[in-house]
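Good morning, colleagues. Today I should like to introduce a structure that is new to most of this group, and my subject is the place where its ligand is held.

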Amino acid sequence: MIHGEIHQNVRQYINGRWETSATTGVSANPSDTSEVVAEYARADRRQAEAAIRAATEAFPHWSHSTPQRRADVLDRIGAELIARKDELGLLLAREEGKTLPEAVAETARAGQVFKFFAGEALRGGAGAGGGENLASVRAGVQVDVTREPVGVVGLITPWNAPFVIPAWKIAPALAHGNSVVFKPAELVPACGGALAEIISRAGLPAGAFNLVMGSGREVGQALVDSALVDALSFTGSTANGERVLQAAATRRAKVQLETGGKNALVVLADADLDRAVDCAVQGAYFSAGQRCTASSRLIVEAAVHDAFVAKLRQRLKTLKIGHALERGIDIGPVANEERLAMNLAWVEIAREEGAEHVWGGEALERSTPGHYMSPALFLAKPSHRIAREEIFGPLASVLRADDYDEALALCNDTPFGLCAGICTNSLKHAMHFRRHAVVGMTMVNLPTAGVDFHVPFGGRKGSGYGPREQGRHAAEFYTTVKTGYMLA
Ligand code: NDP
């Protein structure tokens, strides 16, 4: 029996003050639904608009702050996240359900993101002198190209990585001098609140950072609709991303989307099969498959298909599914009752479509009431819905390919394009795959899930829109370019 911690009380953080709201909600532990993790104030449209006004008023001050001040603020946030990674990781595991080691690692990575962008503020963020000086085509004229902050940015994030996804939006936004209104997913208010509490003590002027916790339909939509919000960065489902994109385009706001994925892991006949199975297990099932980078399509060359499936099945049998805080657990519960029901419905769809069941896909009971299920594996055809649509749960399908060319074609036969992996010992095929997989990120002999924090993250086709997140490339979204001419 694992004892719960005292629950959190989360409020809105608007214009440097903590505020209650007219209504409240609770988040429950998906490993033990009898445990309340947070009670939180539910913001309404009026509070969202107050936060947007506060961010608008803070913008002139924050956008002209020195790079050193911005770097110091971000460094403090990053240092605290890293120093408190065990305690905050525990909170994350309790609220979202990923295993404790995964949750601690995510918290530390969120800290590293803030520290990276502390450096970016100094290295060449907006106002830090990272532009270009050029000779004009006209005699006696000087030209320079500089970057400036965009303005007020609305950041809307999902529940599956409640520290690191907000970090990779909030940190570059602040580093480049923008003011922020942050709307986390309602499923994870304790994580959103804990992050905001750390940011509130980091030395920002009132209004430069605001937290509004409430429903996407009301609070998220208020950010999307407001003429005062200059840029919107959204991570979530493809359907909601489309809505954000259309509304933002109508009022000419800058927009960046990170949406769904249906990522492939290709396994060629010359691959180290143990490594390939390891990549498949990590990529498809860890974090209960609730990662946009999950490899839910395993495309296997015919010569090793049966051997790969047999080895993978053996591994799946040994995985331990249970309470996220229990030692030695491989996979925690899925995030909530609705997701469990959706995953089980996908298992039914797979059976009805005629996909061959290999393993798992059942609801499990444990000593605490939680949303547990066994990892599911099916042999599918490319036309099956389980091989085409994003599931966002611990369900993967294996597709058979006659050779590398067919495997690559299957890999690209999807409306999504976030990432793709290949397991092979052929340099020729690895290099060809890196060049020809139509995605934003490729992995060779590595799981598709698990990326670095200092390089671009994002996808193509239905998986994303606008400039990439993370690393130096984040400046493309969080800054705007100004060209200056001067008679020398
Ligand atoms: P949702 O689209 O349901 O929610 C994402 C965020 O958008 C939440 O904060 C939600 O608020 C908010 N939202 C909902 N409706 C609106 C609206 N009308 N206007 C503005 N905001 C709104 O996605 P999930 O939270 O269910 O996350 C899972 C999805 O996210 C998966 O499809 C996954 O692929 C994708 N994802 C993509 C990643 C990537 O980088 N490509 C990374 C992680 C996840 P609330 O829920 O509080 O109502």
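Let me begin with the two domains: domain 1 (7–259 + 463–487) and domain 2 (264–452) each contribute at least three residues to the shell around the ligand. Please keep in mind that this is a predicted model.

How many residues surround the ligand? There are 29 of them, and the closest are Thr 157, Ser 237, Thr 259, Cys 292 and Glu 390. Sorted by class, the shell comprises 13 polar, 11 nonpolar and five charged residues.

I turn now to the secondary structure. Helix 7 (216–225) provides four residues, the largest share of the shell. Strand 11 (231–235) is also represented, and both it and helix 7 supply at least two residues.

Next, the polar contacts, in each of which the partner is an oxygen atom of the ligand. For Glu 390, a polar side-chain atom lies 2.5 Å from such an oxygen. With Thr 157, by contrast, the contact is made by a backbone N or O atom, at 2.7 Å. Gly 236 likewise uses a backbone N or O atom, and here the distance is 3.2 Å. As for cover, the ligand on its own has 910 Å² of accessible area, and the protein covers 88% of that.

Finally, which pocket does the ligand take up? The space taken by the ligand is the largest pocket. Thank you for your attention.

Definitions and conventions:
Residues numbered from 1 in each chain as written. Predicted model: local features only at pLDDT ≥ 70, side-chain atom pairs only at ≥ 80, totals over all residues. Heavy atoms only, no water. Near = heavy atom within 4 Å. Polar contact = N/O pair within 3.5 Å; in protein donor to acceptor, adjacent residues only side chain to side chain. Areas by Shrake-Rupley, 256 points an atom, 1.4 Å probe, with all protein chains shown as cover. 1 Å grid on protein atoms, 1.4 Å probe; cavity = no way out; pocket = protein on both sides within 12 Å on 5 of 7 lines; lining within 4 Å. Sits in = over half its atoms within 2 Å of the grid points. Nonpolar A, V, L, I, M, F, W, Y, C, P; charged D, E, K, R; others polar. Domains from an automatic or database assignment.
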